[in-house]
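Please open the structure in your viewer and keep the selection tool at hand. The tour below goes from one selection to the next and says what can be found at each stop.

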Amino acid sequence: MVAVGFGGYIKTLDARDITVRFSSPRAATSKVFTVRKGWNRIGLAIAGTKGIYKARVEVSPSTRRILLWGINIDGVNFPKSLAKITPTLEDLNSEYVCPETLYLDHASPVAVEILEEESTRLTIRDSLESVEVKKCSYDGRYLPLDSSKLGLLAFHKHNAKRTRHQNECRACKKWKKPCLENVR
Ligand SMILES: [Zn+2]
């Protein structure tokens, strides 16, 4: 299945409801993420078609400031070693593995164009705040974790490890095993 994903990590100063409306010329979907104070994972996938994709992020109640990290929209392409896996849209939208399972490049804070004319009172600034990241040992991406809140971001917790998190991100942890079993 060809799918396109929107996702990344958002920090709010307080608990909020974040509604994401994600649309392509032929499909649209939306989801409400109830986020806590601090960094949160958000992501959505829709069936892929040609054209322009737009994601609208609504924060309720409104807030003076949110931080964005690794926000991106792109076609969902699993790593080559997982290419035999055929996830459904439901798999891709599972909160357990989304946005990690969209396999987006999260190397820039915001990799999409922000349409300021379609936004409400928006000012975009660089922030001096930092995000803790760890390399996924399987797909090689640097993804966020919060060492004060184990297992809440891109990696599940694992108390026996030095980082107190799994070596692989949530998505690789989920998909790697069935693939190895198939090889047997
Ligand atoms: Zn991974």
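Begin by colouring the chain by confidence, since this is a predicted model. In the chain, confidence is highest in strand β8, residues 142-144, with a mean of 98, and lowest in α2, where the mean is 77. Over the whole chain the mean pLDDT is 93, and 96% of the residues reach 70 or more. As a general caution, where pLDDT is low, the predicted coordinates should not be read in detail.

Next, select β4, which covers residues 38-47, and look at what surrounds it. Eight of its ten residues are buried, so β4 is largely enclosed by the rest of the structure. Now add β1, residues 3-12, to the selection; β1 and β4 pair in the antiparallel sense, and ten bridges join them. To see one of these bridges, pick G8, whose bridge partner in β4 is I42.

With β4 still selected, move on to the largest nonpolar core, which has 32 residues. Which residues of this core touch the most other members? They are A45, L102 and C169. At least two core residues are supplied by each of β1, β4, β6 (66-75) and α2 (170-183), and the largest share, five residues, comes from β4.

Centre the view on L102 and display the residues around it. Leaving aside neighbours within four places in sequence, L102 is in contact with G5, G7, G43, A45, V76 and L92.

From there, step along to Y103, which lies in the loop between α1 and β7. This residue has a positive phi of about 50° although it is not a glycine. Is Y103 buried or exposed? Because 23 C-beta neighbours lie inside 10 Å, Y103 counts as buried.

For another residue with a positive phi, select R164, where the angle is about 60° and the residue is again not a glycine. R164 is placed in the loop between β8 and α2, and it counts as partly exposed because it has 14 C-beta neighbours inside 10 Å.

Now return to the loop between α1 (89-92) and β7 (133-135), where P99 is found. The peptide bond that joins C98 and P99 is cis, with an omega of about 20°. Another cis peptide bond joins S60 and P61, and here omega is about -10°; P61 is found in the loop between β5 (54-60) and β6.

Since β5 is already in view, select it together with β2 and β3. These strands form an open sheet of three strands in the order β3-β2-β5, with antiparallel pairing. β3 (28-35) and β5 stand at the edges, each with a single partner strand, so one side of each is left without a neighbour in the sheet. Neighbouring strands of this sheet are turned by 15° against each other on average, direction ignored. Strand β2, residues 16-23, and β5 pair in the antiparallel sense over seven bridges, and if you pick T19 you can look for its bridge partner in β5, which is E58.

For the last stop, select I124, which lies in the loop between α1 and β7. I124 is exposed, because there are 10 other C-beta atoms within 10 Å, and a residue counts as exposed when that number is 12 or fewer. Finally, draw a distance between the C-alpha atoms of I124 and I46: these residues are 78 residues apart along the chain, and the atoms are separated by 27 Å.

Key: Residues numbered from 1 in each chain as written. Predicted model: local features only at pLDDT ≥ 70, side-chain atom pairs only at ≥ 80, totals over all residues. Core = buried A, V, L, I, M, F, W, Y, C linked by C-beta atoms within 7 Å. Buried ≥ 20, exposed ≤ 12 C-beta atoms within 10 Å, placed from the backbone. Helix = DSSP H or I, 4+ residues; strand = E, 2+ residues; numbered from the N terminus. Contact = placed C-beta atoms within 7 Å. pLDDT = per-residue confidence, 0-100. Pairing = 2+ DSSP bridges. Axes fitted to C-alpha atoms, helices over the stretch in contact; angles between N-to-C directions.
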